[in-house]
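Open the model in your viewer and keep the selection panel at hand. The tour goes stop by stop.

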Amino acid sequence: MVRLYNDFVFEQGKLRESVFTVEDVEAIVKKPEFFQRGSNYFNGVWGQAGENDNNTQQVILSHLAKHTAGLTINELIELTGIDETDLQNALEVLKRHDVVVENQGRWRIIVELFQRWVEKSHP
């Protein structure tokens, strides 16, 4: 977004407000190369989620990515088949790393762009 702003203002010499709009964000996110350029970040988060727990965190993230409104513990148990204790432990690790959040009993991925990447890359 900053690159596009700089191009617009400094290279093309056009005036524009220095505040990004929802439309600006949507224009960037809808570009096919967006997720390719962000792949280092997305793959890094995904890779960390796959360490030391038989991919339990990745399985959870794959299911949460499909449900943007979030899932309850019981829904996650039903969808993933993961034991409740293991599920709770994995969610706590993801929460400590600011990947997921729990709100009113529903767990969801915090960063929508990461959620979209997971949904697209690891269905």
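Buried here means under 20% relative accessible area. This is a predicted model.

**Stop 1: the aromatic cluster.** Select F114. At 2% relative accessibility, F114 is buried. Now add W46 and W117: with F114 they form one aromatic cluster. The structure holds 2 aromatic pairs. Take W46 and W117: their ring centres are 6.3 Å apart and their planes stand at 70°, so this pair is edge-to-face. W46 sits in helix α4 (residues 39–49) and W117 in helix α8, so the pair ties together parts 71 residues apart in sequence. W46 is buried, at 11% relative accessible area. W117 is buried too, at 5%. Turn to F114 and W117: this pair is stacked, 5.9 Å centre to centre with 20° between the planes. Both residues belong to helix α8, 3 residues apart, or about one turn of the helix.

**Stop 2: Q115.** Stay in helix α8 (residues 112–121) and pick Q115. Is Q115 buried or exposed? Its relative accessibility is 7%, so Q115 counts as buried. Beyond its neighbours within four places in sequence, Q115 is in contact with A65, T68 and I109.

**Stop 3: helix α6.** Select residues 73–80, helix α6, and colour I73, L76 and T80, its buried residues. Look down the axis: they fall within an arc of 60°, so they line one face of the helix. Flip to the other side of α6 for N74 and E78, which are exposed. What do the buried residues of α6 pack against? They pack against α5 (56–65), α7 (84–96) and β2 (106–109). Finish on G81, just after α6, which takes a positive phi of about 75°.

Technical notes:
Residues are numbered from 1 along each chain as its sequence is written. This is a predicted model: local features need pLDDT of at least 70, side-chain atom pairs count only at pLDDT 80 or more; totals for chains, interfaces and linings use all residues. Side-chain values use heavy atoms; hydrogens and water are left out. Buried means under 20% relative accessible area, exposed over 50%, partly exposed in between (1.4 Å probe, protein chains only). Helices (H or I, at least four residues) and strands (E, at least two) are DSSP runs, numbered from the N terminus. The arc is that of the directions from the helix axis to the C-beta atoms. Contact means heavy atoms within 4.5 Å. Rings of Phe, Tyr and Trp (its six-membered ring) pair if their centres lie within 6.5 Å; planes under 30 degrees apart count as stacked, over 60 as edge-to-face and the rest as tilted.
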